[in-house]
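Thanks, everyone. Please bring the sequence and the structure up on your screens, and I will walk you through them.

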Amino acid sequence: MESKIDIAIIGECLVELSANGTLADTSTLNKYYGGDTITTAVAISRLGGSVSYITKIGNDGFSEFLLSSLKKENIDTSLIKTNDEQNGMYIVSHTHNKKEVLYYKRKTAATKLSVEDLSEDIIKKLKLVYSTGVVQSLSAGSRELIRETFRIARENEVMTAYDPNYTSCFMNSADTKECMEEIIEYTDIIFLSLKNDSIKLYEITSVDKIMQYFWDKGVKIVVIKSHVDNGYYTGYCGNISFCKFYNTQKAIDTTASGDVFNGGYIYAITHGYSPNDATKFASVVSGLQTQNYGAIQSIPYKETVMGMI
């Protein structure tokens, strides 16, 4: 791994096949790549951050495509290992009033992630480690890897950031909550959706109460996305601030906007921004991304973001 790397992300890189139209009617699928954590990694890199990605990629027909795609985004791939499993995949289609997504994630390469992929010496050199509940849900091995990585990071005063990113498509709510609880004591920053995480996992509808719950658990910064209030709440040192979504009237595709927000926030917090200012910065990054189609293709570069602030 390059010595300049500040951020490491543990995740799964998926093959994306997309259609312009319904899956029933389309005759062509366009190849790309995606996944929650890789979207965050690309966002950080396009903003100028130095990020390494930790995963396992399968030696199938997509392996070189995935690796070369990450390298083109200036993401460090030296910690990526390969195996003989297949790569995960999802198929997505867009129409004016409907979106279809099909996931194929069983027995994939990334399910073989384990503590053997952990390097304490590398973690000690970082500013921040990030992962999600989606990655924990892949297997017992990936779950253990994230727990141990966060524990070692906390012991070495390396920041940790986490998003449960709960989705009922392929995650169990009880398991997701259990995964969260086992790493909370090692987590510095947590990103939550009021609807998908606070309400569905904890049955808490109050921003104040969910903030206090995680503060009491030792989490330093709690960021909550609320579609009801059309913005983000940031909780830090007992204070809660609010930032509206950026330019929502121009939004045409909100796919992975939360993952892009997380990337913007992680970049900002590791580059001297205060917790509140990091939210404002990340809101612009995410808002710009929603103004075009394609989760990763539409992620803005730093120059564009700075021109809007």
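Start with the sheet. Eight strands make up one open sheet, and its pairing is mixed. The order is β4-β1-β9-β10-β11-β12-β13-β14. Two terms here. Strands (E, at least two residues) and helices (H or I, at least four) are DSSP runs, numbered from the N terminus. Two strands pair if DSSP finds at least two bridges between them. Which strands stand at the edges? They are β4 (51–54) and β14 (239–244). Each has a single partner strand, so one side of each has no neighbour in the sheet. From one strand to the next, the twist averages 20°. Angles here run from 0 to 180 degrees between N-to-C directions, and axes are lines fitted to C-alpha atoms, for helices over the stretch in contact.

A word on the source. This is a predicted model: local features need pLDDT of at least 70, side-chain atom pairs count only at pLDDT 80 or more, and totals for chains, interfaces and linings use all residues. Residues are numbered from 1 along each chain as its sequence is written, and side-chain values use heavy atoms, with hydrogens and water left out.

Now β10, residues 159–163. Four of its five residues are buried, so the rest of the structure largely encloses this strand. Buried means under 20% relative accessible area, exposed over 50%, partly exposed in between, with a 1.4 Å probe and protein chains only. β10 pairs with β9 (residues 128–132) in the parallel sense, over five bridges. There, leucine 128 has methionine 159 as its bridge partner. β10 also pairs with β11 (residues 189–193), again parallel, over two bridges. In that pair, alanine 161 is matched with isoleucine 189. Between β10 and β11 the chain passes through helix α6 (residues 173–183), and this β-α-β crossover is right-handed. That means the path from the first strand over the helix to the second runs clockwise, with the strands pointing away from the viewer.

Stay on α6 for a moment. Cysteine 179 lies in this helix. Is cysteine 179 buried or exposed? It counts as buried, at 4% relative accessibility. Leaving aside neighbours within four places in sequence, cysteine 179 is in contact with Gln136, Arg143 and Tyr162. Contact means heavy atoms within 4.5 Å.

Over to the end of the sheet with β14. Six bridges join β13 (residues 231–236) to β14, and the two run antiparallel. Tyrosine 232 stands opposite cysteine 243 of β14. Helix α10 (residues 275–289) lies across β12, β13 and β14, at about 155° to β13. Helix α7 (residues 194–202) lies across β10, β11 and β12 (221–226), at about 95° to β11.

Last, two residues in loops. Most residues other than glycine have a negative phi. Asparagine 74 has a positive one, about 60°. This residue sits in the loop between α2 (63–72) and β6 (81–83). At 63% relative accessibility, asparagine 74 is exposed. Glutamate 157 also has a positive phi, near 60°. Where does glutamate 157 lie? In the loop between α5 (140–155) and β10. Its relative accessible area is 77%, so glutamate 157 is exposed.

That's the tour. Questions, please.
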